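These are notes on the model under review, set out point by point. They take up the sheet, the DNA contacts, the core and two backbone outliers.

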Protein chains: 2
Amino acid sequence: MTEKELQRSKSVLPIGTVMKLTDLTARQIRYYEEQGLVIPKRNEGNRRMYSLNDIDRLLEIKDYLTDGINMAGIKAIYEQHEREAEARKREMNARLTDSDVRRILHDEFMNVSGLNRKPEQGLHSQHPFV
Amino acid sequence: MTEKELQRSKSVLPIGTVMKLTDLTARQIRYYEEQGLVIPKRNEGNRRMYSLNDIDRLLEIKDYLTDGINMAGIKAIYEQHEREAEARKREMNARLTDSDVRRILHDEFMNVSGLNRKPEQGLHSQHPFV
DNA sequence: AAATCATGTAAGAAAATCTAACATGAGATC
DNA sequence: GATCTCATGTTAGATTTTCTTACATGATTT
């Protein structure tokens, strides 16, 4: 996962922020969750915490609804997405050589462990999203 | 301002999230605010709301403190930053031709108004950070 | 020794969020 | 046209988060 992807998938936004960013009501956001469309992480106090990816998906849902598509339709669309993603993944795996895999795993490791952190100005600035 | 910059300056994070992201206590974060180093926006309910830029600055402050620099020193550093930024801005203005300015203003307008929004898949996806 | 700095801690109030339940208007279905 | 279902609104009471203010404290500075 790239740095940017990690950032986008980090659950940092409470529902109040999500409401403003998406212009949805709390009721709507929770209902879409109930329908299995956007399942946020929870913090220690059981409050929902959303990522930027979650925001994107909520906005997509909004648009689909505007287009007259109902919950069932939207669910179907996302299931389709997932099937496609799964297929791509299998295809990838089939194509990758062993050395490719080693290189990728190495890159992942360097990222996740933060060992490749490069100082910006002197020593200052480690980004928490990385 | 670019899309990315807008995103980074949008105040969307409550102090609890900032605590986790920076590994600072609420007391520390509020104290740095008291010292004029990071002044978050407030929401309607008077809760502090932070941007990604705020996070970066808090992490910088952490590093400066680790380096043994005290509040006064850090303040001085940021005042220096501001003076330099101001100088660059003046320099820019001096160099820009009228047509440059017109082009830049045009770009800004297109960005802020969101008129350049390009649909991703069909009509779906307007990003709130843009 | 006294003052200052950076942070901890506690108390009480206000705001945000949670779950659960009932309400409702618009369409679909019988 | 009565009934159902869907997507959302609303309310209530509990819990969590955040706020401000104040006092406490160990480490430096004066």
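1. Two strands are taken as paired if DSSP finds at least two bridges between them. The model is predicted. On that criterion chain B has an open sheet of three strands, ordered β1-β3-β2, with antiparallel pairing. The edge positions belong to β1 (13-14) and β2 (41-42) of chain B; each has a single partner strand, so one side of each lacks a neighbour in the sheet.

2. Within that sheet, β2(B) pairs with β3 (residues 48-50) of chain B in the antiparallel sense, over two bridges. B:R42 has B:R48 in β3(B) as its bridge partner. These two residues are also involved with DNA strand D. An N or O atom in the side chain of B:R42 is 3.1 Å from a phosphate oxygen of that strand, while for B:R48 a backbone N or O atom lies 2.5 Å from a phosphate oxygen.

3. Which residues come nearest to DNA strand D? Of the 19 around the strand, they are A:T25, A:R27, A:Y32, A:M71 and B:R48. The side chain of A:Y31 has an N or O atom 3.1 Å from a phosphate oxygen of DNA strand D. Of the strand's atoms within 4 Å of the protein, 75% are sugar or phosphate atoms and the rest belong to bases.

4. The surface near DNA strand D draws on both chains: α3 (26-34) of chain A and α2 (15-22) of chain B each supply at least two residues. The largest share, four residues, comes from α3(A). By residue class, this surface has six nonpolar, seven polar and six charged members.

5. For DNA strand C, 19 residues lie around the strand, and A:R48, B:T25, B:R27, B:Y32 and B:M71 come nearest. Sugar or phosphate accounts for 74% of the strand's atoms within 4 Å of the protein, and bases for the rest.

6. Three polar contacts to phosphate oxygens of DNA strand C can be checked directly. A polar backbone atom of A:R48 is 2.6 Å from one such oxygen. Polar side-chain atoms of B:T25 and B:Q28 lie at 2.7 Å and 3.2 Å, respectively. The elements giving two or more residues to this surface are α2 (15-22) of chain A and α3 (26-34) of chain B. With four residues, α3(B) contributes the largest share. The surface near DNA strand C divides into six nonpolar, seven polar and six charged residues.

7. The largest nonpolar core has 42 residues, of which A:L13 and B:L13 touch the most other members. Helices α2, α3, α4 (52-66) and α5 (71-95) of chain A, and α2, α3, α4 (52-66) and α5 (71-95) of chain B, each supply at least two residues of this core. Neighbours within four places in sequence aside, A:L13 has contacts that include A:V18, A:L21, A:I55, B:V12 and B:L13. A:R48, listed above for DNA strand C, is also among the contacts of A:L13.

8. Two non-glycine residues with positive phi deserve a look. A:D23, with phi near 60°, is found in the loop between α2 and α3 of chain A. A:N46, with phi of about 70°, lies in the loop between β2 (41-42) and β3 (48-50) of chain A.

9. Are these two residues buried or exposed? A:D23 has 62% relative accessibility and so counts as exposed. A:N46 has a relative accessible area of 48% and is partly exposed.

Terms used: Residues numbered from 1 in each chain as written. Chains lettered and ligands numbered in written order. Predicted model: local features only at pLDDT ≥ 70, side-chain atom pairs only at ≥ 80, totals over all residues. Heavy atoms only, no water. Near = heavy atom within 4 Å. Polar contact = N/O pair within 3.5 Å; in protein donor to acceptor, adjacent residues only side chain to side chain. Nonpolar A, V, L, I, M, F, W, Y, C, P; charged D, E, K, R; others polar. Core = buried A, V, L, I, M, F, W, Y, C linked by side-chain atoms within 4.5 Å. Buried < 20%, exposed > 50% of the residue type's maximum accessible area, 1.4 Å probe, protein only. Contact = heavy atoms within 4.5 Å.
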